[in-house]
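Biologist: I have a model open and a pile of labels to go with it. Can you walk me through where the labels come from?

Modeller: Sure, let's put it on screen and go through them one by one.

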Amino acid sequence: IRARLSEWPELQRSWLPALASPKARALYEEFLKQHVKAYPEYIEELKGMARGAGLPFEWLFVAQLAQEFASQLPPSLQKAGTVDHCSDYMLCSSERCVDVHNEDGDANSINRTFVMDVQLGG
């Protein structure tokens with residue numbers, strides 16, 4: 001986690017520095033407020049991951065909503081050169097749903113990305 005986030009160019013050069021601006025800070029706080037309200041256990045998990053990795057919680061939280069956060073930044077706070085991102089598709093029939101994902105991360109993602117199969121409530 002530490003290596004992945006420390007060496008993520010957009011995170012380090014654009015999104016985290018943007019938090020010094022009042023507009024980006026307000027955006028971050030609104031995202032956090034909504035996530036705490038809707039997904040409190042997930043936020044606690046991210047806080048634990050941040051503690052375990054010895055990183056600020058902000059780093060993990062911004063990383064988890066990188067596309068959403070970056071897309072809402074004012075143009076003056078965005079930096080050129082961002083990488084295209086992944087695509088997700090959900091295909092459903094009457095018997096089941098299948099989620100399909102392609103990983104379009106940058107070179108920093110190699111050997112630092114994993115897939116989880118999680119079943120909630122069952």
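Biologist: Where do Glu30 and Lys33 lie, and how many residues apart are they?

Modeller: Both sit in helix α3, three residues apart, which is about one turn of the helix. Keep in mind that this is a predicted model.

Biologist: Why does about one turn matter for a pair like that?

Modeller: An α-helix has 3.6 residues a turn, so residues three or four places apart point the same way.

Biologist: And what makes Glu30 and Lys33 a salt bridge?

Modeller: Their side chains come to 3.6 Å, N to O. The cut-off is 4 Å between a Lys or Arg side-chain nitrogen and an Asp or Glu carboxyl oxygen, so the pair qualifies. Glu30 itself has a relative accessible area of 37%; partly exposed covers the range between 20% and 50%, so that is its label.

Biologist: How do you know that Glu44 and Lys47 form a salt bridge too?

Modeller: Their closest N and O atoms are 3.7 Å apart, and the limit is 4 Å, so the pair counts. Glu44 and Lys47 are three residues apart in helix α4 (residues 40–53), so about one helical turn separates them. Glu44 is partly exposed at 46%, and Lys47 is partly exposed at 31%.

Biologist: Which parts of the chain does the salt bridge between Glu58 and Arg25 link?

Modeller: Distant ones: Glu58 is in helix α5 and Arg25 in helix α3, 33 residues apart. The closest N and O atoms are 2.7 Å apart, within the 4 Å cut-off, so the salt bridge label holds. Glu58 has 26% relative accessibility and counts as partly exposed; Arg25, at 26%, is partly exposed as well. Arg25, Glu29 and Glu58 are linked in a network of salt bridges. The search of the whole structure gives four salt bridges.

Biologist: What about aromatics: how many pairs turn up in the whole structure?

Modeller: Three aromatic pairs. Trp8 and Trp15 have ring centres 5.5 Å apart and planes at 85 degrees, so that pair is edge-to-face.

Biologist: Why is the pair of Tyr28 and Phe61 called edge-to-face?

Modeller: The ring centres are 5.5 Å apart and the planes are at 85 degrees. Pairing needs centres within 6.5 Å and edge-to-face needs over 60 degrees, so both tests are passed. This pair also links distant parts of the chain, with Tyr28 in helix α3 and Phe61 in helix α5, 33 residues apart. Tyr28 and Phe61 are both buried, and together with Phe57 they form one aromatic cluster.

Biologist: Is Ser21 buried or exposed, and how do you know that?

Modeller: Buried: Ser21 has 16% relative accessibility, and buried means under 20%, so the label fits. Ser21 is in the loop between α2 and α3, and its side chain reaches the backbone nitrogen of Ala24 at 3.1 Å.

Biologist: Which elements do the buried residues of α2 pack against?

Modeller: They pack against α1 (2–6), α3 (22–38), α5 (57–64) and α6 (66–72). Among the buried ones in α2 are Leu11, Trp15 and Leu16.

Biologist: Last one: what makes Tyr89 exposed?

Modeller: Its relative accessible area is 51%, and exposed means over 50%, so Tyr89 gets the label. Tyr89 is in strand β1. With Leu91, Val98 and Val100, Tyr89 forms a nonpolar surface patch of about 360 Å² of accessible area together. The elements giving two or more residues to that patch are β1 (87–92) and β2 (97–102).

Definitions and conventions:
Residues numbered from 1 in each chain as written. Predicted model: local features only at pLDDT ≥ 70, side-chain atom pairs only at ≥ 80, totals over all residues. Heavy atoms only, no water. Patch = residues over 30% accessible without salt bridge, like charges linked within 9 Å, V, L, I, M, F, W, Y side chains within 5 Å. Areas by Shrake-Rupley, 256 points an atom, 1.4 Å probe, with all protein chains shown as cover. Helix = DSSP H or I, 4+ residues; strand = E, 2+ residues; numbered from the N terminus. Buried < 20%, exposed > 50% of the residue type's maximum accessible area, 1.4 Å probe, protein only. Contact = heavy atoms within 4.5 Å. Polar contact = N/O pair within 3.5 Å; in protein donor to acceptor, adjacent residues only side chain to side chain. Phe/Tyr/Trp six-rings, centres within 6.5 Å; stacked < 30°, edge-to-face > 60°.
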